[in-house]
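Q: Could you zoom in on one part of this fold and talk me through how it is wired into the rest? I'd like one connected tour, with the cut-offs included as you go.

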Amino acid sequence: MIEHEIKISFQEYGSVKELDAADQNLCQHAVNAMENSHSPYSKFRVGAALRLQSGKIILGSNQENAAYPSGLCAERVALFHWGANHPNDPIEAMAVTAYTEEFALLKPVASCGSCLQVLAEYEKKQGTPVKTILYCLEGPTWVINGIETFLPFLFFEERLNG
Ligand code: THU
């Protein structure tokens, strides 16, 4: 038996104000993206903002549906928009934030496994890592560089690519 140990590291900032101007701006876009969240069932608003190499910003917010499984997370709304419309303009960074009136969010909300799997595919496709900024309105901001940090056992099979 061989025991393997995987070490990951990420950065925690006490406040979003400690980030550089471009990342602070991206966080503000993620906050703005929550305005279009359609979340009458969970009452949990999520906003995602992607910054592309060209400087273009893409927004996404969670879109729920009365047929619950038909809804989609904010991250995948933004990422699929990118894949459909800007696939040759690499994603540099993604900011994600959330808000609910139901309880206090005191630490950043991490993306679900399905969103990470989608991020992984696009990161591999573009060949450069995406910086993910998890930001909560009050409290710390976490910065995670690259999907391998987030999801060390991600599913990826190059032979499926033909
Ligand atoms: N949600 C996201 O938008 N992103 C995630 O990574 C996790 C969850 C949404 C889905 C649903 O609309 C609400 O948050 C509650 O789960």
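**Around strand β6**

A: β1 and β6 run antiparallel to each other, paired over 3 bridges. (Strands are DSSP E runs of at least two residues, helices are H or I runs of at least four, and both are numbered from the N terminus; strands pair if DSSP finds at least two bridges between them.) This is a predicted model, so local features need pLDDT of at least 70 and side-chain atom pairs pLDDT 80 or more, while totals for chains, interfaces and linings use all residues. Residues are numbered from 1 along each chain as its sequence is written, and side-chain values use heavy atoms, with hydrogens and water left out.

So what does β6 look like up close? Strand β6 covers residues 141–145, and 4 of its 5 residues are buried (under 20% relative accessible area; exposed is over 50%, partly exposed in between, with a 1.4 Å probe and protein chains only). Towards β1, Trp142 of β6 is the bridge partner of Glu12. Towards β5, Trp142 stands opposite Leu134. Strand β5, residues 131–135, is joined to β6 by 5 bridges, and the two run antiparallel. The link between β5 and β6 is a hairpin with 5 residues between the strands, and Gly139 in that turn has a positive phi of about 115°.

Zooming out a notch, β6 belongs to an open sheet of 6 strands, in the order β1-β6-β5-β4-β2-β3, with mixed pairing. The edges are β1 and β3 (57–61), each of which pairs on one side only. On average, neighbouring strands of the sheet are turned by 20° against each other, direction ignored (axes are lines fitted to C-alpha atoms, for helices over the stretch in contact, and angles run from 0 to 180 degrees between N-to-C directions). Towards the β3 edge, β2 (residues 44–52) and β3 run antiparallel and share 5 bridges. One of the pairings there puts Leu50 with its bridge partner Ile58 in β3. Helix α2, residues 74–85, lies across β2, β3 and β4 (91–100), and runs at about 30° to β2.

Back to β6, and to what packs against it. Thr149 sits in helix α4, and it counts as buried because its relative accessibility is 17%. Leaving out residues up to four places away in sequence, Thr149 touches Ile8, Ser9 and Ile144 (contact means heavy atoms within 4.5 Å). Thr149 and Ile8 are 141 residues apart along the chain, yet their C-alpha atoms are separated by 5.6 Å. Ile8 lies in the segment before β1 (11–13), and it counts as partly exposed because its relative accessibility is 46%.

Now the charges. The whole structure holds 5 salt bridges (a side-chain nitrogen of Lys or Arg within 4 Å of a carboxyl oxygen of Asp or Glu). One of them joins the side chains of Arg51 and Asp23, at 3.0 Å from N to O. That pair ties Arg51 in strand β2 to Asp23 in helix α1 (residues 21–33), 28 residues apart. Asp23 is buried, with a relative accessible area of 3%, and Arg51 is buried too, at 13%. Asp23 also meets Lys131 in a salt bridge, at 2.5 Å from N to O. Here the link runs from Asp23 in helix α1 to Lys131 in strand β5, 108 residues apart. Lys131 counts as partly exposed because its relative accessibility is 23%.

Helix α4 has a salt bridge to look at as well. The side chains of Lys124 and Glu148 meet at 3.4 Å, N to O. Lys124 is in helix α3 (residues 113–126) and Glu148 in helix α4 (residues 147–150), 24 residues apart. Both partners count as partly exposed: Lys124 is at 37% relative accessibility, and Glu148 is at 48%. As for shared partners, salt bridges join Asp23, Arg51, Glu92 and Lys131 into one network.
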